[in-house]
Amino acid sequence: MPARPAASRRTVLRGAALTPVAGLGLTACKGGDDRSAPLSEPVELGPESEVAEGGAKLYRDHNVVVSRSGDGTLKAYNTVCTHAGCPINKLDGTKLICPCHGSEFDVTTGKVLREPAVAPLVPLTVEVRNGTMVAGPQT
């Protein structure tokens, strides 16, 4: 039986260099850190005045986005991507963009604008108490 050739130094070094990169890719796909946990109780977000009519504001610390329609109605959604559970950290106007795989969501409706996500964002309740917005899970 012929002997198997030994790996070259270049092959070994290339494999060693790529191992951490592959690990980062798997971590990004996982998205399952504590920051991606859904809200289990109401949280204070900030002053109602932070969200302009026709605009939106992303509250990264709580994985919540709040939008305000032209008539002043507030809507809130959980900002954990429904594709792979990554916390979404980019808001462009009224569009959320997931950093993991590029899914996009409309923050006024929660609907998917761009796959790979196919499920809409999870809606939350939002109300104003003494001028402060409070978001929580729907019951």
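Here are some worked exercises on this predicted model, each with a step-by-step solution.

Residues are numbered from 1 along each chain as its sequence is written. Local features need pLDDT of at least 70, side-chain atom pairs count only at pLDDT 80 or more, and totals for chains, interfaces and linings use all residues, while side-chain values use heavy atoms, leaving out hydrogens and water.

**Exercise 1. Get an overview of the chain**

Work out which elements the protein chain contains, and in what order they run.

Solution.
- Step 1: Take helices (DSSP runs of H or I, at least four residues) and strands (runs of E, at least two), numbered from the N terminus.
- Step 2: The protein chain has one helix and ten strands.
- Step 3: Reading from the N terminus, the order is α-β-β-β-β-β-β-β-β-β-β.
- Step 4: For burial, call a residue buried under 20% relative accessible area, exposed over 50% and partly exposed in between (1.4 Å probe, protein chains only). By that yardstick, 32% of the 139 residues of the protein chain are buried.
- Step 5: The accessible surface (Shrake-Rupley method with a 1.4 Å probe; for residues, only the protein chains shown count as cover) is about 8700 Å² for the protein chain, and carbon and sulfur atoms hold 54% of that surface.
- Step 6: Define a contact as heavy atoms within 4.5 Å. Among the contacts of the protein chain with a separation of 6 or more, 44% are between residues 24 or more positions apart.

**Exercise 2. Check the confidence**

Find the mean pLDDT of the protein chain, then look at residues 18-33.

Solution.
- Step 1: pLDDT is the predictor's confidence in each residue, from 0 to 100.
- Step 2: Its mean over the protein chain is 84, with 74% of the residues at 70 or more.
- Step 3: Residues 18-33 have a pLDDT below 50, and in the model this stretch makes twelve contacts beyond near neighbours in sequence.

**Exercise 3. Follow the salt bridges**

Count the salt bridges and describe the partners, starting from R68.

Solution.
- Step 1: Recall the idea: side chains of opposite charge can pair when their charged atoms come close. The criterion is a side-chain nitrogen of Lys or Arg within 4 Å of a carboxyl oxygen of Asp or Glu.
- Step 2: The structure has four salt bridges. One of them joins R68 and E48, with 3.4 Å between the closest N and O atoms.
- Step 3: R68 belongs to strand 3 (residues 64-68), whereas E48 sits in the loop between strand 1 (43-47) and strand 2 (56-59), so this pair ties together parts that are 20 residues apart in sequence.
- Step 4: R68 is buried at 11% relative accessibility, while E48 is partly exposed at 28%.
- Step 5: In another salt bridge, the closest N and O atoms of E104 and K95 are 3.5 Å apart. E104 is buried at 14% relative accessibility, and K95 is partly exposed at 26%.
- Step 6: A network of salt bridges links K95, E104 and R114.
- Step 7: E127 and R129 also form a salt bridge, with 2.5 Å between the closest N and O atoms. E127 is partly exposed at 39% relative accessible area, and R129 is partly exposed at 42%.

**Exercise 4. Map the surroundings of R68**

Which backbone oxygen does the side chain of R68 reach at 2.7 Å?

Solution.
- Step 1: It is the backbone oxygen of V51.
- Step 2: A polar atom of the R68 side chain also lies 3.3 Å from the backbone oxygen of G72.
- Step 3: Setting aside neighbours within four places in sequence, the contacts of R68 are E48, V51, A52, E53, G54, G55, T73 and L74.

**Exercise 5. Examine a hairpin**

Describe how strand 2 and strand 3 pair.

Solution.
- Step 1: Two strands pair if DSSP finds at least two bridges between them.
- Step 2: Strand 2 and strand 3 run antiparallel and are joined by four bridges.
- Step 3: L58 is found opposite V65 in strand 3.
- Step 4: Four residues lie between the strands of this hairpin, where N63 has a positive phi near 55 degrees.

**Exercise 6. Place T108**

Locate T108 and list what it touches.

Solution.
- Step 1: T108 is in the loop between strand 7 (104-106) and strand 8 (112-114).
- Step 2: T108 is partly exposed, at 31% relative accessible area.
- Step 3: Not counting residues up to four places away in sequence, T108 touches S67, K75, Y77 and T94.
- Step 4: T108 and S67 are 41 residues apart along the chain, yet their C-alpha atoms are separated by 5.9 Å.
- Step 5: A polar contact is a pair of N or O atoms within 3.5 Å; within protein, one must be able to donate a hydrogen and the other to accept it, and residues adjacent in sequence count only if both atoms are side-chain atoms. One such contact, of 2.5 Å, joins the side chains of T108 and D106.
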